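Reader: I have a new model open and would like to practise reading it. Could you walk me through it, feature by feature?

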Amino acid sequence: MKKIGVILSGCGVKDGSEIHEAVATLLAIDRAGAQAVCMAPNIELDEVNHLTSEATGKKRNVLIESARIARGNIKDIATVKASEMDAVILPGGFGAAKNLSDFAMKGAESKGHPEVTRLIREMALAKKPIGAICIAPGTIAAILGREIHPTLTIGTDKGTADVLEKLGAKHQSCPVKEFVVDEKNKIVSTPAYMLATRISEAAEGIEKLVKEVIRLA
């Protein structure tokens with residue numbers, strides 16, 4: 001059974017992983033007959049009230065919050081090696097661009113969280129597939145953009161696409177229910193809630209991405 005790492009960034013679209021995208025990813029992996037291995041960095045994050053969209057001034061631990069989605073079955077990403085995985089997938093949510101990297105704050109000057117960077121680079125060096133959903137391609141561009149110039153999509157948003165290209169990636173526009181595959185670098189991306197207005201739209205693109213990642217593994 002193939003092991004697919006799922007890198008989470010908290011719990012909740014405004015300060016962590018987008019829950020719909022994360023669950024759709026886990027469901028698609030299971031339906032494909034593979035095993036999801038959830039992981040997250042063990043760091044603190046700023047908490048956002050998801051009812052008001054305002055910062056609370058409090059902190060939450062990314063690993064502990066991600067454990068909510070993983071039902072407690074989760075690893076500290078610092079303990080995970082590429083040799084243990086057949087592929088990895090990053091769901092979106094603001095945390096993917098704030099906790100897994102500083103793409104949301106620094107844009108074209110951004111870089112990945114150290115342990116996320118280590119694992120993504122290990123996967124790329126081993127030619128193992130990487131999936132990135134919604135805004136997560138920003139983190140992939142921050143880590144790999146200037147090294148391997150991957151082809152990625154965040155949908156059709158020109159401003160975000162321009163930032164990806166400044167980081168060295170090549171952006172390809174993509175409709176919500178489809179995906180973009182960089183065959184050379186084995187990187188797959190889909191827009192999900194960068195474009196989706198319904199959970200079914202996001203889930204369709206995610207399921208296709210998961211199938212493609214597993215095919216490449």
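Author: Gladly. Let us start in a loop: alanine 169 lies between helix 7 (158–166) and strand 9 (170–171). Helices (H or I, at least four residues) and strands (E, at least two) are DSSP runs, numbered from the N terminus. Please keep in mind that this is a predicted model, where local features need pLDDT of at least 70 and side-chain atom pairs count only at pLDDT 80 or more, while totals for chains, interfaces and linings use all residues. Residues are numbered from 1 along each chain as its sequence is written, and side-chain values use heavy atoms, with hydrogens and water left out.

Reader: Is alanine 169 buried or exposed?

Author: Buried means under 20% relative accessible area, exposed over 50%, and partly exposed in between (1.4 Å probe, protein chains only). Alanine 169 has a relative accessible area of 5%, so it is buried.

Reader: Which residues does alanine 169 touch?

Author: Contact means heavy atoms within 4.5 Å. Leaving out residues up to four places away in sequence, alanine 169 touches Ala141, Gly145, His149, Pro150, Leu152 and Leu164. As for threonine 117, it is 52 residues from alanine 169 in sequence and 16 Å away in space, C-alpha to C-alpha.

Reader: Threonine 117 is in helix 5, I think. How do I describe the packing of two helices?

Author: Two packed helices are described by the angle between their axes and the distance between the axes. The axes are lines fitted to C-alpha atoms, for helices over the stretch in contact, and angles run from 0 to 180 degrees between N-to-C directions. Here, the axes of helix 5 (residues 114–125) and helix 6 (residues 137–148) come within 10 Å and cross at roughly 50 degrees. Angles under 35 degrees count as roughly parallel, over 145 as roughly antiparallel, 65 to 115 as roughly perpendicular and the rest as oblique. Helix 5 and helix 6 are therefore oblique to each other.

Reader: What is the handedness of the crossing of helix 5 and helix 6, and which residues make the contact?

Author: A crossing is left-handed if the near helix is turned anticlockwise from the far one by less than a right angle, and right-handed if clockwise. Helix 5 and helix 6 cross in the right-handed sense. Helix 5 contributes Val116, Thr117, Ile120, Arg121 and Ala124, and helix 6 contributes Thr139, Ile140, Ile143, Leu144 and Glu147. By class, this contact of helix 5 with helix 6 has six nonpolar, two polar and two charged residues. (Ala, Val, Leu, Ile, Met, Phe, Trp, Tyr, Cys and Pro count as nonpolar, Asp, Glu, Lys and Arg as charged, and the others, Gly among them, as polar.)

Reader: At what angle do helix 1 and helix 8 pack?

Author: Their angle is about 45 degrees, and the axes of helix 1 and helix 8 are 9 Å apart. Helix 1 and helix 8 are therefore oblique, and helix 1 passes helix 8 in a right-handed crossing. On the helix 1 side are His20, Glu21, Ala24, Thr25, Ala28 and Ile29, which meet Ile199, Ala203, Ile206, Glu207 and Val210 in helix 8. The residues of the contact between helix 1 and helix 8 divide into seven nonpolar, two polar and two charged.

Reader: Which residues of helix 1 are buried, and what covers them?

Author: An α-helix has 3.6 residues a turn, so residues three or four places apart point the same way. In helix 1, the buried residues are Glu21, Ala22, Ala24, Thr25, Leu26, Ala28 and Ile29. Their cover includes strand 1 (3–7), strand 2 (35–40), helix 2 (62–69), strand 6 (87–90), strand 7 (130–133) and helix 8 (199–216).

Reader: And what covers the buried residues of helix 8?

Author: The cover there includes strand 1, helix 1, strand 6, strand 7, strand 10 (180–182) and strand 11 (187–190). Among the buried residues of helix 8 are Gly205, Ile206, Leu209 and Val213.

Reader: Where should I look for unusual backbone angles?

Author: Most residues other than glycine have a negative phi, and most peptide bonds are trans. Arginine 71, in the loop between helix 2 and strand 5 (74–76), has a positive phi near 55 degrees. Arginine 71 is exposed, with a relative accessible area of 81%. Lysine 127 has a positive phi near 60 degrees and is found in the loop between helix 5 and strand 7. At 52% relative accessibility, lysine 127 also counts as exposed.
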